[in-house]
Amino acid sequence: MLNITGLNKHFGGVVALRNMNLAVQSGCIHSIIGPNGAGKTTLFDIITGITPPTSGNIQFNAQTITLMPPSRIAQLGIARTFQNIRLFSSMSILDNIRVGAHCWTKSSLWSALLRTHRQRQEEQQVEEYALHLLETCGLAGRKDELARNLPYGEQRRLEILRALAQHPQLLLLDEPTAGMNPQETEELTKFILHLKEEQKLTILMIEHDMKVVMAISDTISVLDYGKKIAEGKAEAIQNNPKVIEAYLGRGAANSLSV
Ligand SMILES: Nc1ncnc2c1ncn2[C@@H]1O[C@H](COP(=O)(O)OP(=O)(O)OP(=O)(O)O)[C@@H](O)[C@H]1O
């Protein structure tokens, strides 16, 4: 579904990504892990068009999306969440989701101003879909509350729902369980699995909680200093000396195997 080749990103003298190749298979949960500063968020920013790459190519469903504007990439079917929650905190829960849906609505500004029949019909569809999404998370009863009044774990979930409102094929989650307590983490992990299994979504996820990563990932790619140093299934990654060294420091793999 997503094919990244020869991706490089330099910020002045800092090399955030170096010759990155990555293939994300349809229907999978593919996790990206690596120490702080490894280039994970930069990779998401480039895929979603927020940051241009220095060089390299990205294809989504065999179409080149490199250098496309973020709005176009969203329309093609890639949605994301952010490391730090970026909800519209002074808007209602329902309106936050409605905003997400507007990348597939077709009404123009004029038809919205004139409240045409088609525009009203479309608004109705958006509202029904937004309510359906809220119901999947037990939030429908709180639809009119302000987003900022939700507990932290539910704000994170609302951000995912807003991304889902875009009708994506590929969902990018940047540290979805960050700051959550163990119960919230467990619930969110189940929800992510539900998205893959029931909604047939493909998920590319940056995550620091190794318990979550190892439990639900079909494939794990490990970045270190902007370079992919390993890729594979959970067990192989856990036992890979390069990965252990990246996390624990040089020589750690030898000392662990003693
Ligand atoms: N806008 C920027 N300007 C300059 N340097 C940047 C910029 N964005 C990222 N970097 C640098 O690029 C490198 C990769 O950063 P990035 O945020 O992608 O890492 P990360 O793996 O997501 O880290 P973390 O796990 O801490 O979120 C770091 O050295 C970072 O300081």
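Start with Ile 220: it stands opposite Gly 232 in strand E10. This is a predicted model, so keep that in mind throughout. The pair belongs to E9 and E10, which run antiparallel and share five bridges. Between those two strands sits a hairpin turn of two residues. Tyr 225 takes a positive phi there, near 50 degrees.

Now step back to the sheet around that pair. It is open and has six strands. The order reads E6-E7-E8-E3-E9-E10, and the pairing is mixed. Which strands are at the edges? They are E6, residues 78–80, and E10, residues 227–232. Each of them pairs on one side only. From one strand to the next, the twist averages 20 degrees.

We have seen the antiparallel part. Here are two parallel ones. E3 and E9 pair in the parallel sense, with four bridges. For a register point, take Ile 32: its bridge partner in E9 is Ser 221. At the other end of the order, E6 joins strand E7, residues 170–174. Those two run parallel as well, through three bridges. Arg 80 is bridged to Leu 172 of E7. As a reminder, strands of a sheet pair through backbone hydrogen bonds, either parallel or antiparallel.

Next, the other sheet. This one is open too, with four strands in the order E2-E1-E4-E5. Its pairing is antiparallel. E2 and E5 stand at the edges with a single partner strand each, so one side of each has no neighbour in the sheet.

Let me walk through its pairs. Strand E1, residues 2–11, pairs with strand E4, residues 55–60, over five bridges. In that pairing, Asn 8 stands opposite Ser 55 of E4. E4 then joins strand E5, residues 63–64, by two bridges, running antiparallel. Phe 60 has Gln 63 of E5 as its bridge partner. E4 and E5 make a hairpin with two residues between them. In that turn, Asn 61 has a positive phi of about 50 degrees.

So where does helix H1 go? H1 covers residues 40–47 and lies across E3, E6, E7, E8 and E9. Relative to E7, H1 runs at about 145 degrees. H1 also lies across E1, E2 and E4. Against E2, the angle is about 65 degrees. That puts H1 across strands of the six-stranded sheet and of the four-stranded one.

H1 brings us to the ligand. Which residues are around the ligand? Here is the list: Phe 11, Val 14, Ala 16, Gly 34, Asn 36, Gly 37, Ala 38, Gly 39, Lys 40, Thr 41, Thr 42 and Gln 83. By class, that shell holds four nonpolar residues, seven polar and one charged. Which element gives the most to the shell? H1 does, with three residues. Strand E2, residues 14–24, and H1 each supply at least two.

Last topic: helix packing around H3, residues 93–101. Two partners to cover.

Partner one is helix H5, residues 117–136. The axes of H3 and H5 come within 9 Å and cross at roughly 120 degrees. That angle makes H3 oblique to H5. The crossing is right-handed. On the H3 side, the contact uses Ile 93, Leu 94, Ile 97, Arg 98 and Ala 101. On the H5 side, we have Val 126, Tyr 129, Ala 130, Leu 133 and Leu 134. How do these residues divide by class? Nine are nonpolar, none is polar and one is charged.

Partner two is helix H6, residues 152–164. H3 and H6 pack at about 35 degrees, with axes 7 Å apart. This crossing is right-handed as well. H3 brings Ile 93, Asn 96, Ile 97, Val 99 and Gly 100. H6 answers with Leu 158, Leu 161, Arg 162 and Ala 163. This contact counts six nonpolar residues, two polar and one charged. Ile 93 and Ile 97 of H3 appear in the contact with H5 and again in the contact with H6.

To close, three things to look at on the screen. Find the E9 and E10 hairpin, with Tyr 225 at positive phi. Find H1, with its three residues in the ligand shell. Then find H3, in contact with H5 and with H6.

Definitions and conventions: Residues numbered from 1 in each chain as written. Predicted model: local features only at pLDDT ≥ 70, side-chain atom pairs only at ≥ 80, totals over all residues. Pairing = 2+ DSSP bridges. Axes fitted to C-alpha atoms, helices over the stretch in contact; angles between N-to-C directions. Contact = placed C-beta atoms within 7 Å. Near = placed C-beta within 6 Å. Nonpolar A, V, L, I, M, F, W, Y, C, P; charged D, E, K, R; others polar. Parallel < 35°, antiparallel > 145°, perpendicular 65-115°, else oblique. Left-handed = near helix turned anticlockwise from the far one by under 90°.
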